[in-house]
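The following exercises are to be worked through with the sequence and the model at hand. Each task is followed by a solution in steps.

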Amino acid sequence: MEKLYDVVVIGAGSGGLTAAVGFSKVGKKVLLVEREHMGGECTNSGCIPSKALLHKAKEYYAAVKVAGEGAKSEAFRTEAFNYVRGVITNILNEETPETFEKLGIDVVLGEAIFNTKCSIKIGTDIYHYKNAIIATGSSPRLIHVPGLAESEILTNQNLFSLTEIPKQTLVIGSGPIGLEMGQALSMLGSQVTIATIDNDFGRLEDESIRPILKNALEETGVRIETQAFITKVENGKAIFDRKDGDTVTETFSVPFDNVLVAIGRIPNIPKGLDAAGITFDAQGVKVDSQHRTSNKYVYVIGDVAQRYKFTHTADDTARQVVTRVVSKGWLRVKNTKAIPKVTYTTPEVAQVGMSWNDAKIKYPENQLIRIEVPFSENDRAKTDGETAGLLVVIARRLNGAVLGAHIIGPRAGELITPFTLAIDNKISMWQLRRTIYAYPTYSLVIKKAGDYFFAEQLSSLKTDILNLFKRHLSKIIAGLIWVLILSLISNYKAANSMDTTQTALMIFDFVSMTAWGPLVYILFYTIRPITFFPAAALTILSGIFFGFVY
């Protein structure tokens, strides 16, 4: 069987579903292909189940802190994974093939293999397309450890199939998955150790946030081991070397029932890309700035190509690619958007934009302001007993442009959104300060940051203006030189009752026909760097002025 579609979407995860629905809404004939399960990684083994487990773990942990352990709390604890699977099922009921077929989308379950530049093969059937979207996602990156049995390994793909909480859990990796699931299992009663090869725990977070995050995890019972390199497993224990550079400083062991491997993701590369003329490597499918592959009919969205492997980036890219394809390339994909990141631990950690070190690389430090607002200064945090939080804002001096924001504390995932909006839409700290925030809310930490910015800016205003003047001194001198030159020409023109054409011809004659002309030209070329006059323009003018001299 052979069929022709306007668009074939390969992968029914977040990005693929968004793309398929988007194309269908504008009248395209769409085929959606899924190899494993509808909803993709996010619904089945990613965002949805992990947040459901975190929710259950936080409820249990809070209840035990207040009322202690008992028969009811134990029953609640042991039902954690059943609750997670129930949440998955409820959401999948909204993402069935029938749901999308009602929207006019054809759905085929099977593995898509590229057959030619404009066709794929599923089993014995061939489907031709005008455009294709690859949205095949990613899978957990694994490591080989001598002595570690496959049955002992957990990833996000099989963690939620457990029927009981492991008594002892070793987590290898301190990224979002490792931190979230490590803390969730610890809250549910597992003895959790998080081992990372990093020298500094939470190295991707702001330097002021790292110790708060570490303390929060340790308070919920998580043991943290840094500079830890696993070497082997024996007698139910993982053996680690702690290294300082290449030097082993000590060897230690961690007992476990299961090992959760959370060391990153690898792209799911579709088969047959060579036949379609699509370039790829181990890091993913290669795309241009518009997410188009080396085959101009095929685009890629999500984890299989993007550096930022988030559900929200896949969704945003899908929407932009739909717009680009439907507009036949007139509307382009924008890749300069600020991308927020949230880790849903307790407390939550969120960030968007530049880190302090990144900002100092791009700008001199005297052009930057770093603002820190502890949640202990927020009345809502005080009423909730959630004062162990911090907001860090990095902004430009004088204009108050927001460069980055980093938050640890309750509702951090929600609080990061105004800063994402500020970066994308050039909303300054001056404007954020003038906004009215409801009282008492956590969002008042943003207004407090604006107050800090205002106070700091007023106290250093003279210094900042002087620094601004120094930075732009060369431009100021250039402006004065041009004002002087134009003033002299204007006065000469008025004194001799000449019009613009006559004045231009006079200048042309002076430069090209007199002995002084070349000297003036050489002088002007010499001072060109301080006048900011383009060298290319001067070269063209030299041909115009002196090309007529025989």
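The exercises below treat salt bridges, a helix pair, a strand residue and backbone geometry.

The model is predicted, so local features need pLDDT of at least 70 and side-chain atom pairs count only at pLDDT 80 or more, while totals for chains, interfaces and linings use all residues. Residues are numbered from 1 along each chain as its sequence is written, and side-chain values use heavy atoms, with hydrogens and water left out.

**Exercise 1. Determine which parts of the chain the salt bridge between E180 and K51 ties together.**

Step 1. A salt bridge is defined as a side-chain nitrogen of Lys or Arg within 4 Å of a carboxyl oxygen of Asp or Glu. The N to O distance between the side chains of K51 and E180 is 3.0 Å, and they form a salt bridge.

Step 2. K51 belongs to helix α3 (residues 47-67) and E180 to helix α7 (residues 176-187), so the pair joins parts 129 residues apart in sequence. Helices (H or I, at least four residues) and strands (E, at least two) are DSSP runs, numbered from the N terminus.

Step 3. Accessibility is classed as buried under 20% relative accessible area, exposed over 50% and partly exposed in between (1.4 Å probe, protein chains only). E180 is buried at 5%, whereas K51 is partly exposed at 29%.

**Exercise 2. How far apart in sequence are K214 and E218, and in which helix do they lie?**

Step 1. The closest N and O atoms of K214 and E218 are 3.3 Å apart, and the two residues form a salt bridge.

Step 2. Both lie in helix α8 (residues 210-219), 4 residues apart, and are therefore separated by about one helical turn.

Step 3. K214 is partly exposed at 31% relative accessibility, and E218 is partly exposed at 35%.

**Exercise 3. Describe how α3 and α5 pack.**

Step 1. Two packed helices are described by the angle between their axes and the distance between the axes. Axes are lines fitted to C-alpha atoms, for helices over the stretch in contact, with angles from 0 to 180 degrees between N-to-C directions.

Step 2. The axes of α3 and α5 (residues 80-92) come within 9 Å and cross at roughly 140°. The two helices are therefore oblique to each other; angles under 35 degrees count as roughly parallel, over 145 as roughly antiparallel, 65 to 115 as roughly perpendicular and the rest as oblique.

Step 3. In the contact (heavy atoms within 4.5 Å), the residues of α3 include I48, A52 and L53, and those of α5 include F81, V84 and I88.

**Exercise 4. Which residues surround V30 beyond its neighbours within four places in sequence?**

Step 1. V30 is located in strand β2 (residues 30-34) and is buried, at 0% relative accessibility.

Step 2. Neighbours within four places aside, V30 contacts Y5, V7, V9, A20, F23, S24, G104, I105 and D106.

Step 3. The C-alpha atoms of V30 and D6 are 6.2 Å apart, although the residues are 24 apart along the chain.

**Exercise 5. Where does the peptide bond from T346 to P347 lie, and is it cis or trans?**

Step 1. Most residues other than glycine have a negative phi, and most peptide bonds are trans.

Step 2. The bond from T346 to P347 is cis, with omega near 0°; P347 is in the loop between β20 (341-343) and β21 (348-353).

Step 3. For comparison, Q227 is not a glycine yet has a positive phi of about 55°. Q227 sits in the loop between β11 (223-225) and β12 (228-234) and is buried, at 18% relative accessible area.
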